[in-house]
Amino acid sequence: VILIKWTRKKKIRKDTQKAQIVIDYSTTKILSVNFSGGRTHDFKLFKQSNLPLSEHTCVLADKGYQDIKKIHVNSLHPIKRRKNFSLKNSQRAYNH
């Protein structure tokens, strides 16, 4: 997910635009590109894209897509460390 931000000089407000790029990891082909204006959550943008994912497809996503496990069982996202606690070596290895 790429977040692009720009500002206009005459106005104080910031305009944001979020882009979601879906890539096939094995062939490095771009499968889908979706854009959303404003403050749209990553997972909401994913649901709006209506991507046809088979059960055998493995989805690698960042922490913005935590609820993807409810929709797609075969999905992975990194483990976040808790406040004042560091990650174990096995958790670090899972994240990389």
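The exercises below, each with a worked solution, deal with a predicted model of a protein.

**Exercise 1. Overall layout**

State how many helices and strands the protein has, and give their order from the N terminus on.

Solution.
- Step 1: The secondary structure amounts to three helices and five strands.
- Step 2: Read from the N terminus, the order of the elements is β-β-β-α-β-α-β-α.

**Exercise 2. Surface, burial and contacts**

Describe the protein by its accessible surface, its buried share and its contacts between residues at least 6 apart in sequence.

Solution.
- Step 1: The accessible surface is about 8,200 Å². Carbon and sulfur atoms account for 54% of this surface.
- Step 2: A residue is buried when its relative accessible area is under 20%. In this protein of 96 residues, 24% count as buried.
- Step 3: Take the contacts between residues at least 6 apart in sequence; 13% of them join residues at least 24 apart.

**Exercise 3. The nonpolar patch**

Find which residues make the nonpolar surface patch and which element gives the most to it.

Solution.
- Step 1: The patch covers about 480 Å² and is made by Ile21, Ile23, Ile30, Val33 and Phe35.
- Step 2: Two elements, β2 (14-24) and β3 (29-37), give two or more residues each to the patch.
- Step 3: Ile23, a member of the patch, has its place in strand β2.
- Step 4: The most comes from β3, with three residues.

**Exercise 4. The largest pocket**

Give the volume of the largest pocket, then work out which residues are closest to its centre and which element supplies the largest share of its lining.

Solution.
- Step 1: The largest pocket holds about 640 Å³ of space.
- Step 2: Its lining consists of 22 residues, and those closest to the centre are Ile21, Val22, Ile23, Val59 and Leu60.
- Step 3: At least two lining residues come from each of β2, β3 and β4 (59-60).
- Step 4: β2 supplies the largest share, five residues.
- Step 5: Compare with Exercise 3: Ile21 and Ile23 belong to the nonpolar patch, and both are also among the residues closest to the pocket centre.

**Exercise 5. Positive phi outside glycine**

For Thr28 and Asn84, give the phi angle, the loop and the exposure class.

Solution.
- Step 1: Thr28 is not a glycine, yet its phi is positive, near 55 degrees. Asn84, likewise not a glycine, has a positive phi of about 65 degrees.
- Step 2: Thr28 sits in the loop between β2 and β3. Asn84 belongs to the loop between β5 (75-76) and α3.
- Step 3: The cut-off for exposed is over 50% relative accessible area. Thr28 has 62%, so Thr28 is exposed. Asn84 has 71%, so Asn84 counts as exposed.

**Exercise 6. Two residue pairs**

Place Gln91 and His56, classify the exposure of Gln91 and His56, and give the C-alpha distance from Gln91 to Arg81 and from His56 to Asn74.

Solution.
- Step 1: Gln91 is part of helix α3 (residues 89-95). Its relative accessibility is 24%, and therefore Gln91 counts as partly exposed.
- Step 2: Gln91 and Arg81 are separated by 10 residues in sequence, and their C-alpha atoms are 9.1 Å apart.
- Step 3: His56 lies in the loop between α1 (42-49) and β4. With a relative accessible area of 74%, His56 is exposed.
- Step 4: From His56 to Asn74 the sequence separation is 18 residues, while the C-alpha atoms are 7.0 Å apart in space.

Methods: Residues numbered from 1 in each chain as written. Predicted model: local features only at pLDDT ≥ 70, side-chain atom pairs only at ≥ 80, totals over all residues. Heavy atoms only, no water. Patch = residues over 30% accessible without salt bridge, like charges linked within 9 Å, V, L, I, M, F, W, Y side chains within 5 Å. Areas by Shrake-Rupley, 256 points an atom, 1.4 Å probe, with all protein chains shown as cover. Salt bridge = Lys/Arg side-chain N within 4 Å of Asp/Glu carboxyl O. Helix = DSSP H or I, 4+ residues; strand = E, 2+ residues; numbered from the N terminus. Buried < 20%, exposed > 50% of the residue type's maximum accessible area, 1.4 Å probe, protein only. Contact = heavy atoms within 4.5 Å. 1 Å grid on protein atoms, 1.4 Å probe; cavity = no way out; pocket = protein on both sides within 12 Å on 5 of 7 lines; lining within 4 Å. Points joined across faces, edges and corners; volume = space filled by probe spheres on them.
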